[in-house]
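The following exercises are to be worked through with the sequence and the model side by side. Each task is followed by a solution in steps.

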Amino acid sequence: MSDPSGISVLRFEDVTVTFDGVAALSNVSFQAFEGESRAILGAAGSGKTVLLKAALGLVKPDSGRIYAFGQELTAMREKDLFDVRARMGMLFQESALFDSLTIEENVAYPLRNQKTVKCPKQEVHLRVAQALDFVELGGTLEKFPSELSGGMRRRAAIARAVVTAPPLILYDSPTAGLDPITAHTIMALLIKERDMAKTTTLMVTYRYQDGNLMANFRYNSEQGRLELARHGGGQDLSTTFMVLQEGRLIFEGGQELLEASTDPYISRFVKRRN
């Protein structure tokens, strides 16, 4: 895939990660560029979540190198990784909110605890309120996660991921376990964040329709909704699909190539458009 900017945000070079002698990632190489979206598909246990954790520096490769924003993560000490992680947003599976904290406290957590995020104390509440308004949860600041529905908790977790305005956001199965209408709402928020903040987006998903939305729709800020993008005119969307199989990256490319693949494993995750 051609890149939209030429500025590399995340790069894997022959990355291998093993657990108890079994490869979770095997010689994985790819490069994500500024403003690009990547939809990562694959069966359970194929290495998708491990890839995101490795990008965050939470998992160390057995071999290979990982670079984020031009810095080699694999050579960094743990305390130095905090500075790089502050430039990344992460939506974990099942939201991973703190049950004992209010929604406001949950969303404020990265602003208060990431030392490299320079947010004056008096501005924290405003930033949190803006992030919650962004995900249409403005009235939930004093509520606890247990008081919200699954979809609302996912939206609150998105607010936490974007509140520091990171240039790179990683989403781990953002629509898993949600009904189709709520899943569409979540995807609209991801696309809204990508288009309004020009973030680089990596999204692990089990749902091909999530990748299809990411690749073909853009957020219309004037009308406040998604609309079908016109490729070649207006905003140029750049979305790359990746397919992992038993830790190996077996496909990397655009949607047309993906849908044209005759590989039976790849076909399991693709719903071809008419």
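**Exercise 1. The hairpin**

How many residues lie between E1 and E2 in the hairpin, and which residue in the turn has a positive phi?

Solution. The model is a predicted one, in which local features need pLDDT of at least 70, side-chain atom pairs count only at pLDDT 80 or more, and totals for chains, interfaces and linings use all residues. Residues are numbered from 1 along each chain as its sequence is written, and side-chain values use heavy atoms, with hydrogens and water left out.

Step 1. Locate the strands, which, like helices, are DSSP runs numbered from the N terminus (H or I, at least four residues, for helices; E, at least two, for strands). E1 covers residues 8-19 and E2 covers residues 22-33.

Step 2. Establish the pairing, for which DSSP must find at least two bridges between two strands. E1 and E2 run antiparallel and are joined by eight bridges. Ser8 has Phe33 in E2 as its bridge partner, while Phe19 has Val22.

Step 3. Inspect the turn. Two residues separate the strands of the hairpin, and Asp20 in the turn has a positive phi of about 55°.

**Exercise 2. Positive phi within the strands**

Identify the backbone angle of Asp14 and of Asn27, and classify the exposure of both.

Solution. Step 1. Recall the background: most residues other than glycine have a negative phi.

Step 2. Asp14, placed in strand E1, is not a glycine yet has a positive phi of about 50°. Asn27, in strand E2, likewise has a positive phi, near 50°.

Step 3. Apply the exposure classes (buried under 20% relative accessible area, exposed over 50%, partly exposed in between; 1.4 Å probe, protein chains only). Asp14 has 46% relative accessibility and therefore counts as partly exposed. Asn27 is partly exposed because its relative accessible area is 48%.

**Exercise 3. The open sheet**

Derive the strand order of the sheet that contains E1.

Solution. Step 1. Besides E2, consider E4 (residues 63-68), which pairs with E1 in the antiparallel sense over five bridges. In this pairing Phe12 stands opposite Ile66.

Step 2. Assemble the order: the open sheet has four strands, E2-E1-E4-E5, with antiparallel pairing. Its edge strands are E2 and E5 (71-72), each of which pairs on one side only.

**Exercise 4. Strand E6 and Arg85**

Is Arg85 buried or exposed, and which residues of E6 are buried on each side?

Solution. Step 1. Arg85 lies in helix H2 (residues 78-85). Its relative accessible area is 13%, so Arg85 is buried.

Step 2. List its contacts (heavy atoms within 4.5 Å). Leaving aside residues up to four places away in sequence, Arg85 touches Leu56, Gly57, Leu58, Glu78 and Gln114.

Step 3. Turn to E6 (residues 88-91): Met88 and Met90 are buried on one side, and Gly89 and Leu91 on the other, so that both faces are covered. This split may be read against the general rule that side chains in a regular strand alternate between the two faces of the sheet.

Step 4. E6 runs parallel to E7 (residues 168-172), joined by four bridges, with Met88 opposite Leu168.

**Exercise 5. The whole chain**

Compare the radius of gyration with that of a compact globule.

Solution. Step 1. Take the radius over C-alpha atoms, and the globule rule as 2.2 Å times the number of residues to the power 0.38.

Step 2. For 274 residues a compact globule would have a radius near 19 Å; the protein has 18 Å, which agrees.

Step 3. Add burial: 53% of the 274 residues count as buried.
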